Amino acid sequence: MNVGAVVLDIDGVLVDVDNSYRRAVIETIAEIYDTKIDRETIQRFKDAGGFNNDWELTDAIGLFVLAREEGAELTMEQYIDTIAGTGGGLSAAQAAIGESLPPAERELVLATWDPERHREVFQQLYLGDELYRELEGGEPAGGEEGFIHDEPVLVDSATLSTLTDRYEVGVLTGRPAAEAEIALERVGLELPDEHVMTMDDWEGGKPDPEALITLAERFGVDSVAFAGDTLDDVRTARNAEGADDRTYYGIGVLTGGLSGETGREKFERAGADEVLDSVTELPALLG
């Protein structure tokens, strides 16, 4: 690949979030609804598309639990398949629930559903007391250290040095800016603010291509490689190429929720140009 810039996702590429963000989804649902979900279910939502934002993923699961309590007969598998078939994301989840219940029960579910509560519990679990006070400005209920402190680094300094020496490097993440800064400090990647796009910088979220195209414009290059751990990361590159005259390469990385041959095949079906076992292979791929 002849590229002028490299854009990296954070979660599942630079740091492992299995015991942080994904655990926070599981624990939030358990605390609010006394319901257990597993990591395979989370990955299926990710594969369905439109759930780069883990708060919205939690919202979608909460909707399902409430709908089942009000008599909806759809299974989790049917729910996720319906979401995937109708565009992905929270709006598709809301539509699926709306179709599964009579009007009165649907209104009861929506009246009970509380995304703000989801976010509050999620952030307390993820950030822990000190960071919750600092970043959210609230008083935590718990006494927990915070799952954010359990995010092993997936990239070595030599890989980052090689990439930053050879290319313009940027980051495109669904994290809020403050949480992205914490992760980048942890891995030792220092970038100008204008080369980092976070949840706070664009409304669409992945796979909307606006943020990736914006980075390409800021770099002033004709081709960009974007490495991420979800199908929506690859879809973002494909959507950017359809909306812009630059060349975009979508590179799947198998250190997130997708792994092994099954993960490789899913990336390829989504249109990945290459699939890597780890981001540490990226310099060799780009030459």
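Let me start with one residue: setting aside neighbours within four places in sequence, Met199 is in contact with Asn53, Trp55, Thr173, Gly174, Arg175 and Pro176. Contact here means heavy atoms within 4.5 Å. The model is a predicted one, so local features need pLDDT of at least 70, side-chain atom pairs count only at pLDDT 80 or more, and totals for chains, interfaces and linings use all residues. Numbering runs from 1 along each chain as its sequence is written, and side-chain values use heavy atoms, with hydrogens and water left out.

Staying with Met199, this residue is found in the loop between β3 and α10, which spans 210-219. Met199 has a relative accessible area of 24%, so it is partly exposed. The cut-offs are under 20% relative accessible area for buried and over 50% for exposed, with partly exposed in between, using a 1.4 Å probe and protein chains only. One of the contacts, Thr173, is 26 residues from Met199 in sequence, and the two are 6.8 Å apart in space, C-alpha to C-alpha.

The same loop, between β3 and α10, holds Pro207. The peptide bond from Lys206 to Pro207 is cis, with omega near 10°. For context, most peptide bonds are trans, and most residues other than glycine have a negative phi.

That brings me to Asp34, which is not a glycine and has a positive phi, near 55°. Asp34 lies in the loop between α1 and α2, the latter being 39-48. Its relative accessibility is 73%, so Asp34 counts as exposed. Between Asp34 and Val65, 31 residues apart along the chain, the C-alpha separation is 9.8 Å.

Now the overall chain. The protein chain has 13 helices and six strands. These are DSSP runs numbered from the N terminus: helices are H or I with at least four residues, strands are E with at least two. How does the radius of gyration of the protein chain stand against that of a compact globule? For 287 residues the globule value would be near 19 Å, and the chain has 19 Å, which agrees. The radius is taken over C-alpha atoms, and the globule rule is 2.2 Å times the number of residues to the power 0.38. Along the principal axes, the C-alpha atoms fill a box of roughly 60 × 40 × 30 Å.

Of the 287 residues, 53% are buried. Among contacts with a separation of 6 or more, 70% come from residues 24 or more positions apart. The exposed area of the chain is about 12500 Å², with carbon and sulfur atoms supplying 41% of it; areas come from the Shrake-Rupley method with a 1.4 Å probe, and for residues only the protein chains shown count as cover.

On charge, there are 22 positive and 62 negative side chains, and the centres of the two sets lie 4 Å apart. Lys and Arg count as positive, Asp and Glu as negative, and His and the chain ends are not counted. Each charge is placed at NZ of Lys, CZ of Arg, CG of Asp or CD of Glu.

Next, the sheet. What is the order of the six strands? The sheet is open, with parallel pairing, and runs β3-β2-β1-β4-β5-β6. β3 and β6 (274-276) each have a single partner strand, so they stand at the edges, and one side of each is left without a neighbour in the sheet. Pairing requires that DSSP finds at least two bridges between two strands.

Going through some of the pairs, β1 and β2 are parallel over four bridges, and Val7 stands opposite Gly170 in β2. β2, residues 168-172, is mostly covered, with four of its five residues buried. β2 also pairs with β3, residues 196-197, in the parallel sense over two bridges, where Val171 has Val196 as its bridge partner. Further along, β4 (223-228) and β5 (247-253) pair in the parallel sense over six bridges. Phe226 stands opposite Gly250 in β5, and Ala227 has Ile251 there as its bridge partner. β5 is mostly covered too, five of its seven residues being buried.

Last residue: Ser20, in the loop between β1 (5-8) and α1 (21-33). Is Ser20 buried or exposed? Its relative accessibility is 0%, so Ser20 counts as buried. Beyond its neighbours within four places in sequence, Ser20 is in contact with Tyr126, Phe147, Ile148, Asp150 and Glu151.
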